[in-house]
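Please load the structure in your viewer and keep the selection panel at hand. The tour below proceeds by selection, with a short account of what is to be found at each stop.

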Amino acid sequence: MGNSSSSGRRNSHILSQSPGHPPPPRMYPAPHRYPGGHAPPPGPGMYPPNVRYYSYHHYNGLIPPSQFYSQNFIQSNGQFMINLPPPQLYSQPGGMPSHPVSQPPRPLEVVEHQRASTIQNTVNLKKATLRLEKDEENRGSYLVSFSFDATAAGSICIFFLAEEGADCSLSPVKPDAYTPLRSEFEKGLGQKFRQAPGTGVKFSKFGEKELLKGGEHYVFPLVIRMETLPKSPPADEPPRESLPLGAPLPDWVHAQITQATIEKKDDDSYQVRVVKQILWISGLRYELQEIYGIDNSGIGGNFDGTVAGKACVVCMSEPRDTTVLPCRHMCMCSECAKVLRFQTNRCPVCRTPVEKLLEIKVPKRGSELGGAAESSSSQSGAATAKDLIGDCDKVEHIDPKSILVQASDGTSKS
Amino acid sequence: MSAATANTNLPRRIIKETQRLLSEPAPGISASPSEENLRYFNVMILGPSQSPYEGGVFKLELFLPEEYPMAAPKVRFLTKIYHPNIDKLGRICLDILKDKWSPALQIRTVLLSIQALLSAPNPDDPLAENIAKHWKTNEQEAVETAREWTRLYASGA
């Protein structure tokens, strides 16, 4: 841990040891009165109690008091606020401001704070449930299985080694190796899908090396596209069934695409890892991204204020409802987030520079959906995709476990 | 404003942290608030085993400034200690107390970091120049001095 500290310490060290500055003890002229006057007597082996230890790196005795004060100004919402020292704590003779100037003022970029708005998603593959199972009726072949929620009937298409193109179209890289599969599903939460035995896919036909390669250039070893029709198609459109599997999606189709890589394990079984989930809604493509810490948030209405892990990391009192972007740490309540952005531009959890703060208020779910979803899976809520902030091309939230990032070019293909 | 008024305005976070520090103290660390000022803590850290500070009981003071948790706590050793990152006034050179502070850190995590700093002195980034030099030129002897200081000043008396 000592090593991880180096950069900052180097910095403060330089400050405190600047040539020409007197050594610290002489810099702190006023005797420091401990709060409550209970300073320990300087016994043997104790440092003298009259050290203003708290401001040594920032106050070198050379800054005139007026400037010192000015560093205590904070601009907030266009208003100037002043941080005055708590007079009861460190009263000083001589009127030197004793309040610690904790950080030198830094240029603060005001970060956008936005509220999430909601979009409706009709189908959600639960990515943790995606598996490749051995096809018992077909040696060397594998079957796809997963659980999903759907608030409308629709169809599932499964592709191996397929490339994503414009409007979420999917084309097999090796069309000779297999025929994409299609099957129908009904509306319902917590459904299970398992490919029929005997229809498994032989991986040997692909050349294992190619199949196990990670997702590159929009080619993924396993791609599942789930479509629903939230409204009836325009009369002049050909029926979906007549089009080839993987055809570009029109804007009246609603879809979720799950892209995964395949890894071989020691026991010759295969493990699937979901890399990306994409939503196609009203002709726009969104990438679904997980929010870290949302399991511990107050979202879902189960915050009772007692579990430490669920509270805002700053006030430790209010439920978390604000996600830091781009790092996606849901770690604060909206009030603290508003304060934070005038103090620092870094995420409290990972110190990534903050570009945006996304507040996610999820209305309590209706009893019908919420109840059913909760009984079917902890993820629930497939139907309540959340969010949309700002104008466009930005960030959305869904599920409510993740946010959606809309690809800037719609097709995502260069 | 009296101390009592200040204490009644104590943010909930500080109250919660204090409660947890008292009810579930971290191993080898104790921190208790002063009665007069609940932002001032008396801290004791046991020297980590397999460090030159093993067997020592080190007293520190910790103060939560008004801006806390947006600003770091102010911490200082009261017990004399021979360590390249702690100067003769007990001030500690630790990045999380400076520019690497984050409001997600807490009193507990700060004290654990200080405990870790005792286990891993970093003479390449010194606060106490002489001690760091000693550490780099003759580590064995420096460690021995640290042991000696621990016996002399931090024997828990």
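**Asp167(A) and its surroundings**

Begin by selecting Asp167(A), which is partly exposed in this predicted model. Its relative accessible area is 31%. The residue sits in the loop that runs between strand E7 (154-164) and strand E8 (170-172) of chain A. Display its backbone torsions: phi is near 50°, a positive value in a residue other than glycine. For context, most residues other than glycine have a negative phi.

Extend the selection to Asp236(A), Glu237(A) and Asp251(A), which together with Asp167(A) form a negative surface patch. Patch members must have over 30% relative accessible area, a condition that Asp167(A) meets with its 31%. Asp251(A) belongs to another loop, the one between strand E12 (219-228) and strand E13 (254-264) of chain A.

**A second positive phi in chain A**

Now select Arg351(A), which is found in the loop between H5 and strand E18 (356-359) of chain A. Arg351(A) is not a glycine, yet its phi is positive, at about 70°. With a relative accessible area of 29%, Arg351(A) is partly exposed.

**Helix H5 of chain A**

Next select helix H5 (residues 334-340) of chain A and show the side chains of Lys338(A) and Glu335(A). These two form a salt bridge, and their closest N and O atoms are 3.5 Å apart. How far apart do Lys338(A) and Glu335(A) lie along helix H5? They are 3 residues apart, so about one helical turn separates them. An α-helix has 3.6 residues a turn, so residues three or four places apart point the same way. Lys338(A) is partly exposed, at a relative accessible area of 28%.

**Salt bridges elsewhere**

Side chains of opposite charge can pair when their charged atoms come close. How many salt bridges are there over all chains? The count comes to 19.

For one of them, select Arg194(A) and Glu133(A), whose side chains meet at 2.4 Å, N to O. This pair links distant parts of the chain: Arg194(A) is in strand E10 (residues 188-194) and Glu133(A) in strand E5 (residues 131-134) of chain A, 61 residues apart. Arg194(A) counts as partly exposed at 43% relative accessibility, and Glu133(A) is partly exposed with a relative accessible area of 25%.

Then select Glu164(A), Lys276(A), Arg285(A) and Glu287(A), which are linked in a network of salt bridges.

In chain B, select Lys100(B) and Asp99(B): they form a salt bridge in which the closest N and O atoms are 3.9 Å apart. Lys100(B) is partly exposed at a relative accessible area of 24%, as is Asp99(B) at 33%.

**Chain B as a whole**

Colour chain B by secondary structure to see 5 helices and 4 strands. Along the sequence they follow the pattern α-α-β-β-β-β-α-α-α. Chain B has 157 residues, of which 59% count as buried.

**Helix H3 of chain B**

Select helix H3 (residues 107-119) of chain B and examine its length. At 1.5 Å a residue, its 13 residues should span 18 Å; the end C-alpha atoms are 19 Å apart, which agrees. Is H3(B) mostly covered or mostly uncovered? The helix is mostly covered, with 10 of its 13 residues buried. Among the buried residues are Ile107(B), Val110(B), Leu111(B), Ile114(B) and Leu118(B), and also Arg108(B) and Gln115(B).

Keep Gln115(B) selected and add Pro48(B): their C-alpha atoms are 6.9 Å apart in space, although the residues are 67 apart in sequence. Pro48(B) is found in the loop between strand E2 (40-46) and strand E3 (57-63) of chain B. Its relative accessibility is 11%, so Pro48(B) counts as buried.

**Two cis peptide bonds**

Most peptide bonds are trans. To view a cis bond, select Tyr68(B) and Pro69(B), where omega is about 10°. Pro69(B) lies in the loop between E3 and strand E4 (74-77) of chain B.

Finally, return to chain A and select Leu325(A) and Pro326(A), whose connecting peptide bond is cis, with omega near 10°. Pro326(A) lies in the loop between strand E16 (322-325) and strand E17 (329-332) of chain A.

Definitions and conventions:
Residues numbered from 1 in each chain as written. Chains lettered and ligands numbered in written order. Predicted model: local features only at pLDDT ≥ 70, side-chain atom pairs only at ≥ 80, totals over all residues. Heavy atoms only, no water. Patch = residues over 30% accessible without salt bridge, like charges linked within 9 Å, V, L, I, M, F, W, Y side chains within 5 Å. Areas by Shrake-Rupley, 256 points an atom, 1.4 Å probe, with all protein chains shown as cover. Salt bridge = Lys/Arg side-chain N within 4 Å of Asp/Glu carboxyl O. Lys, Arg positive; Asp, Glu negative; His and termini not counted. Charge placed at Lys NZ, Arg CZ, Asp CG, Glu CD. Buried < 20%, exposed > 50% of the residue type's maximum accessible area, 1.4 Å probe, protein only. Expected span 1.5 Å × (residues − 1).
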